[in-house]
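Here is a short set of exercises to work through with the model open beside you. Try each task before reading on to its solution.

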Amino acid sequence: MDTTYFGRKYGVMVLFDARTKQTLSVDEVKYETNAFYFEAVNKLKAKGIKIQSVTCDLRKGLVDLFPNTPVQLCHFHR
């Protein structure tokens, strides 16, 4: 999961399944916040999608939102 910005106040937050190569969630956001990621993951869980791990840019506090889920640093954010 990550957000890409197009300008200063328009971003697209994407959650992607690396195994199936499917986009699971796309949301337009003004700012990248942990709350938006948490909400997006919970929406997927509510649909019955099992979250086995999270790959992200390790935003401060983001890992704490998923205490029972393995979290990995994105290859491009090293």
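**Exercise 1. A strand and its contacts**

In which strand is Gln 72 found? Then look for the residues that Gln 72 touches beyond its sequence neighbours.

*Solution.* Bear in mind throughout that this is a predicted model.
- Step 1: Gln 72 belongs to strand E5, which covers residues 71–73.
- Step 2: leave out residues up to four places away in sequence, and Gln 72 touches Val 54, Thr 55 and Cys 56.
- Step 3: these contacts can be set beside a C-alpha distance, since Gln 72 and Ser 53 are 7.7 Å apart in space while 19 residues apart in sequence.

**Exercise 2. The fold from end to end**

List the elements of the protein chain in order from the N terminus, then judge the chain against the globule rule.

*Solution.*
- Step 1: count the elements, which gives one helix and five strands.
- Step 2: read them from the N terminus as β-β-β-α-β-β.
- Step 3: the radius of gyration is 12 Å, close to the 12 Å that the globule rule gives for 78 residues, so the chain is as compact as a globular protein of that length.
- Step 4: for the extents, the C-alpha trace spans about 35 × 25 × 25 Å along its principal axes.
- Step 5: turn to contacts with a separation of 6 or more, where 33% are made by residues 24 or more positions apart.

**Exercise 3. Surface and charge**

What share of the residues counts as buried, and how far apart do the centres of the positive and negative side chains lie?

*Solution.*
- Step 1: 28% of the 78 residues count as buried.
- Step 2: the accessible surface comes to about 5700 Å², and carbon and sulfur atoms hold 53% of that.
- Step 3: with 12 positive and 8 negative side chains, the centres of the two sets lie 1 Å apart.

**Exercise 4. Inside the core**

Which residues of the largest nonpolar core touch the most other members, and which element gives the most to this core?

*Solution.*
- Step 1: as background, nonpolar side chains tend to be buried together in soluble globular proteins.
- Step 2: the largest nonpolar core here has 13 residues, and Met 1, Met 13, Leu 15, Val 41 and Leu 62 touch the most other members.
- Step 3: strand E2 (11–17), helix H1 (34–46) and strand E4 (54–56) are the elements that give two or more residues to this core.
- Step 4: H1 gives the most, with four residues.
- Step 5: take Val 41 and set aside its neighbours within four places in sequence; Val 41 is then in contact with Met 1, Leu 15, Ile 51 and Phe 66.

**Exercise 5. Buried or exposed?**

Classify Val 12, Asp 2 and Asp 64 by relative accessible area. The cut-offs you need are under 20% for buried and over 50% for exposed, with partly exposed in between.

*Solution.*
- Step 1: Val 12 lies in strand E2 and has a relative accessible area of 17%, so Val 12 is buried.
- Step 2: Val 12 has a long contact list once neighbours within four places are left aside: Asp 2, Thr 3, Thr 4, Phe 6, Val 26, Asp 27 and Val 29.- Step 3: Asp 2 sits in strand E1 (residues 2–5), and at 25% relative accessibility Asp 2 counts as partly exposed.
- Step 4: the C-alpha atoms of Asp 2 and Thr 55 are separated by 8.6 Å, with their positions 53 residues apart along the chain.
- Step 5: Asp 64 lies in the loop between E4 and E5, and its 63% relative accessibility makes Asp 64 exposed.

**Exercise 6. A positive phi**

Where does Lys 21 lie, and what is the value of its phi?

*Solution.*
- Step 1: Lys 21 lies in the loop between E2 and strand E3 (22–29).
- Step 2: phi of Lys 21 is near 65 degrees, a positive value in a residue other than glycine.
- Step 3: for context, most residues other than glycine have a negative phi.
- Step 4: Lys 21 is exposed, with a relative accessible area of 61%.

How values were computed. Residues numbered from 1 in each chain as written. Predicted model: local features only at pLDDT ≥ 70, side-chain atom pairs only at ≥ 80, totals over all residues. Heavy atoms only, no water. Rg over C-alpha atoms; globule rule 2.2 N^0.38 Å. Buried < 20%, exposed > 50% of the residue type's maximum accessible area, 1.4 Å probe, protein only. Contact = heavy atoms within 4.5 Å. Areas by Shrake-Rupley, 256 points an atom, 1.4 Å probe, with all protein chains shown as cover. Lys, Arg positive; Asp, Glu negative; His and termini not counted. Charge placed at Lys NZ, Arg CZ, Asp CG, Glu CD. Core = buried A, V, L, I, M, F, W, Y, C linked by side-chain atoms within 4.5 Å.
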